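Q: Hi! I've got a structure open and I'd like to chat through it. Could you help me find my way around?

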There are 4 protein chains.
Amino acid sequence: MNAGFGLEAARRVLAAQPFSRLLGAELAACGEGRAELVLGLRETFLQQHGFVHGGVLSYLADNALTFAGGSLWGDGLTAQYTLHYLRPARGERLVARAEVIHAGRRRALCRCQIVARDGEVQTPVVFAIGTIVNPGAS
Amino acid sequence: MNAGFGLEAARRVLAAQPFSRLLGAELAACGEGRAELVLGLRETFLQQHGFVHGGVLSYLADNALTFAGGSLWGDGLTAQYTLHYLRPARGERLVARAEVIHAGRRRALCRCQIVARDGEVQTPVVFAIGTIVNPGAS
Amino acid sequence: MNAGFGLEAARRVLAAQPFSRLLGAELAACGEGRAELVLGLRETFLQQHGFVHGGVLSYLADNALTFAGGSLWGDGLTAQYTLHYLRPARGERLVARAEVIHAGRRRALCRCQIVARDGEVQTPVVFAIGTIVNPGAS
Amino acid sequence: MNAGFGLEAARRVLAAQPFSRLLGAELAACGEGRAELVLGLRETFLQQHGFVHGGVLSYLADNALTFAGGSLWGDGLTAQYTLHYLRPARGERLVARAEVIHAGRRRALCRCQIVARDGEVQTPVVFAIGTIVNPGAS
């Protein structure tokens, strides 16, 4: 059995992901089946209408789901997920909060909500659920 | 009612997406309910184990689904999608092929497969389906 | 624009569904974006290992999602949903609670949890999310 | 390792499912990652508008996915699935064809299409994908 990991270990994993460094995502919290991943928004993250590109939101949801599930076991792989866009996203930053809904020994179902922060306004922009697999279970 | 668009119009849309320019994605084909989106792989697209980050694969699937559905109407918004990772992805480039499975006036269901090309080897790495909405239907 | 419906109107819709009568589902609550659908379990609802058949759980989730979303508008059609089985289900009855997560004019994203009641024990057995469409929006 | 099963073994499993007997589903084919499940339509399978109830279509998709995936290993459990309704379903019978898209040792991703047969007319009414787990992998 693996021990789970907490915020410091999770931040080392995130720092070891070149794509997360490219985007500049930061973990505000991670542990015991929860994760909060924050992304400051830049011009380069937009699509053709001036909103955040779906690929940026997808990256954030996918990664937050993986850290939430992986925090149970010390490591995690996302097997699949379903993502719903609620509204166009804009603002200064995105905050993705994910948590485990149900966990077995090998798989956890997690959910994630992404909120866009624009000044004082917080707008939910994505809801996602996904299956995270424990790579250490045999 | 919008007329659909073809490869040249789709490439203009892609070029107007700052996030797609950041990653360097290119449309090899687009029109009549199909799209092929190609991404040359770079070190910055990886995760901590040396494989392509799930966020990169998600970007590619989301965008290919949108272009396939949007090609029917001249514009498209992805409302939701479900993505399954089949294997870890590595190689020189990713090729995402998406096509419409079923289309109504307002919504289209599309599917997408991503293949990783590593020299002569082609490996399916992602399968996804998603709902694309026609923003011009009223 | 349709007005939403409440419990009595929803029960009339349920009573007008031959398949719901065949299974014997009952609405314990419905209105304002929420629905609670209850099903007493019978031998005929099982699969080969003595647990509730996935098709029974799917029926219940699908219908609860539709009533939750439909309660906003007076009618609703399920466009798509994603369902996760959490554990094998057994007991005296199933209780499906669904609620709207996000609603626009034409579509609502709803979630549903099904709990199996076996004596005093309540076990979550299904988590689902789905898109409900307003058939009256034009 | 389990050996897969073929049509005769699959029919014994189906016959051992009380809920499948209640509905009267029949396996027309099963083996090597494929399954075809057929359901003759009755008045009791409808919803309030005279079309087939979504719960009946969901049962059929769920079960066809399970048999397709399970045919690889001799047994299978559906972990999760995503289902899209394409059109209202009516006619004499429903035919659900499912097949494995990708299989590992422990999990298979399968897809399913349901066609409604109304006289000479065949109409696709459902598209679904789902994850089938091998209960014998340890």
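Q: In E3(B), which residue is the bridge partner of Thr82(A)?
A: The partner is Thr82(B). Keep in mind that this is a predicted model.

Q: And how many bridges join strand E3 of chain A to E3(B)?
A: Five bridges join the two strands, which run antiparallel. In chain A, strand E3 covers residues 77–85.

Q: Back to chain B: which of its residues comes closest to the rotation axis?
A: That's Thr82(B) again, with its C-alpha at 2.1 Å from the axis.

Q: What turn lays chain B on chain A?
A: A turn of 180 degrees, with a shift of 0.0 Å along the axis, and the RMSD is then 0.0 Å. The two copies are therefore related as by a two-fold rotation axis. Both copies use the same surface, too: 100% of the contact residues of chain B recur in chain A.

Q: Cool. How many residues of chain B are in contact with chain A?
A: 28 residues of chain B are in contact with 28 residues of chain A.

Q: Which elements of chain B each supply at least two residues of that side?
A: Helix H2 (18–23), helix H3 (54–70) and strand E3 (77–85) each do. E3(B) gives the most, with eight residues.

Q: What kinds of residues make up that side of chain B?
A: They divide into 13 nonpolar, 13 polar and two charged.

Q: New topic: how many helices and strands are there in chain A?
A: Chain A has three helices and six strands. Starting at the N terminus, the order is α-α-β-β-α-β-β-β-β.

Q: Why does chain A count as being as compact as a globular protein of that length?
A: Its radius of gyration is 14 Å, close to the 14 Å that the globule rule gives for 138 residues, so chain A is as compact as a globular protein of that length. The C-alpha trace of chain A spans about 45 × 25 × 25 Å along its principal axes.

Q: What share of the residues in chain A is buried?
A: Buried residues make up 53% of the 138 residues. As for contacts in chain A between residues at least 6 apart in sequence, 65% join residues at least 24 apart.

Q: One last hop, to chain C. Where is Glu26(C) found?
A: Glu26(C) sits in strand E1 of chain C, which covers residues 26–31.

Q: Why does Glu26(C) count as partly exposed?
A: Glu26(C) has 15 C-beta neighbours inside 10 Å. A residue is buried at 20 or more and exposed at 12 or fewer, so one in between is partly exposed.

How values were computed: Residues numbered from 1 in each chain as written. Chains lettered and ligands numbered in written order. Predicted model: local features only at pLDDT ≥ 70, side-chain atom pairs only at ≥ 80, totals over all residues. Least-squares fit on C-alpha atoms with pLDDT ≥ 70 in both. Contact = placed C-beta atoms within 7 Å. Helix = DSSP H or I, 4+ residues; strand = E, 2+ residues; numbered from the N terminus. Nonpolar A, V, L, I, M, F, W, Y, C, P; charged D, E, K, R; others polar. Pairing = 2+ DSSP bridges. Rg over C-alpha atoms; globule rule 2.2 N^0.38 Å.
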